[in-house]
Amino acid sequence: MLGWKQVFNQTGPTEFVFRLFTAVPEFQVLLFLLFLLLYLMILCGNTAIISVVCTHSSLHTPMYFFLCNLSLLEICYTTVVVPLMLSNIFGAQKPISLAGCGAQMFFFVTLGSIDCFLLAVMAYDRYVAICHPLHYTFIMTQKLCIQMVVGSTILALTLSLQLTALIFTLPFCGHRREINHFLCDVPPVLRLACADTHVHQAVLYFVGILVLTVPFLLICVSYVFITRAILRIRSAQGRSRAFSTCSSHLTVVLLQYGCCSLVYLRPRSSTSEDEDRKIALVYTFITPLLNPLIYTLRNKDVKGALKKAIVSKAASGTD
């Protein structure tokens, strides 16, 4: 494993700056307010889910345990990116050190990878619940749920550390390099290296396959079995209820994996830096914002628990 001392042992104090969204002050204010509003909505929505799941015993099930972890991930994931992004909207370009850029890349890739692995774990949970309902409580034990979350975290940390360390062994020409992005993501930083990056690009594709393609294939296989099991249910009401428990998860999966695959798995010759930047806005803001909305609006249990929490808070406030 490459050490961080070796990683950041570059000649000269290399710094990066992020390309501005716009130089027009009026648009800068609008973008700042928009991104800040979306960030606050993400924090509030995902915090509400964590609070409701933790305080209502009826939601202490594997599905909501994973949902709670997913919401925590979304909060951390956006917090790694958005505050720095907001600070760079106004005024002149603000530099970020080589170590700072490496740290952001490491946490961004780690949290994004855990997110993808966790979505695959949630698909397995739905598979067991629908295809083996009588054995669900025996298979999806608390111990197994914790092991799957911890395993996803360890695998993501290992892959992210190796990838980030490999990227930052590259030489970056010049004292200050402009990243055509709003964060230190792997593809735009790779473009700034003044050395051959074919090996690094191959490693990125390999990590992308492990993080995106493999979990997505496992999710697809899970949903093939889930669909077969649902179609065997005789009552229309039973089929509708079974599909509704999966539709929220499937919506998030398609959005998350679709956007990330466009950025990390496309051939470099067919990618555009501006396109990648726009797509990154989707999985930085839209997916974390949609998670609480989708899981609350399409889930009767969470909606019921939220209503109870609001009513009880309102009642305690009037006392």
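**Entry 1: contacts along the chain**

I started with contacts (heavy atoms within 4.5 Å): among those in the protein chain that join residues at least 6 apart in sequence, 80% link residues at least 24 apart. Note to self: this is a predicted model, where local features need pLDDT of at least 70 and side-chain atom pairs count only at pLDDT 80 or more, while totals for chains, interfaces and linings use all residues. Residues are numbered from 1 along each chain as its sequence is written, and side-chain values use heavy atoms, with hydrogens and water left out.

**Entry 2: elements and surface**

Next I looked up the secondary structure, with helices (H or I, at least four residues) and strands (E, at least two) taken as DSSP runs numbered from the N terminus. I got eleven helices and three strands for the protein chain. Reading from the N terminus, I noted the order α-β-α-α-β-α-α-α-β-α-α-α-α-α.

Then the surface. The protein chain has 319 residues, and 46% of them are buried. Buried here is under 20% relative accessible area, exposed is over 50%, and partly exposed is in between, with a 1.4 Å probe and protein chains only. The chain exposes about 15,700 Å², of which carbon and sulfur atoms supply 69%. Those areas are Shrake-Rupley with a 1.4 Å probe; for residues, only the protein chains shown count as cover.

**Entry 3: α6 against α8**

I moved on to helix pairs, beginning with α6 (residues 142–167) and α8 (residues 198–231), which pack at an angle of about 165° with axes 10 Å apart. The axes are lines fitted to C-alpha atoms, for helices over the stretch in contact, and angles run from 0 to 180 degrees between N-to-C directions. So α6 and α8 are roughly antiparallel to each other. For that label, angles over 145 degrees count as roughly antiparallel, under 35 as roughly parallel, 65 to 115 as roughly perpendicular, and the rest as oblique.

I also checked the handedness, and the α6/α8 crossing is left-handed. That means the near helix is turned anticlockwise from the far one by less than a right angle, whereas clockwise would be right-handed.

Which residues meet? On the α6 side I listed L159, L163, L166 and I167, and on the α8 side H200, V203, L204, V207, L210 and V211. By class, this α6/α8 contact has nine nonpolar residues, one polar and no charged ones. The classes put Ala, Val, Leu, Ile, Met, Phe, Trp, Tyr, Cys and Pro as nonpolar, Asp, Glu, Lys and Arg as charged, and the others, Gly among them, as polar.

**Entry 4: two more partners of α6**

For α3 (residues 62–87) against α6, I read a packing angle of about 25° with the axes 10 Å apart. α3 and α6 are therefore roughly parallel to each other. α3 passes α6 in a right-handed crossing. P62, F65, F66 and N69 of α3 touch C145, I146, M148 and V149 of α6. The classes at this α3/α6 contact come out as seven nonpolar, one polar and no charged.

I then took α4 (residues 98–131) with α6: their axes come within 8 Å and cross at roughly 145°. The crossing of α4 and α6 is right-handed. I noted 17 nonpolar, seven polar and no charged residues in the α4/α6 contact.

**Entry 5: single residues**

Is L67 buried or exposed? L67, which is in α3, counts as buried because its relative accessibility is 4%. Setting aside neighbours within four places in sequence, I find L67 in contact with I49, M122 and Y295. Its C-alpha is 8.6 Å from that of V53, 14 residues away along the chain.

F32 lies in α2 (residues 25–55) and counts as partly exposed, because its relative accessibility is 22%. Again leaving out neighbours within four places in sequence, F32 is in contact with L86, I89 and F90. F32 and M85 are 53 residues apart in sequence, and their C-alpha atoms are 9.1 Å apart.

Back to α8, for two of its residues. C220 sits in α8 and counts as partly exposed at 33% relative accessibility. Its C-alpha is separated by 9.3 Å from that of A120, 100 residues apart along the chain. R228 is in α8 too, and at 46% relative accessibility R228 counts as partly exposed. I looked up R228 and C131 last: 97 residues apart in sequence, 8.8 Å apart C-alpha to C-alpha.
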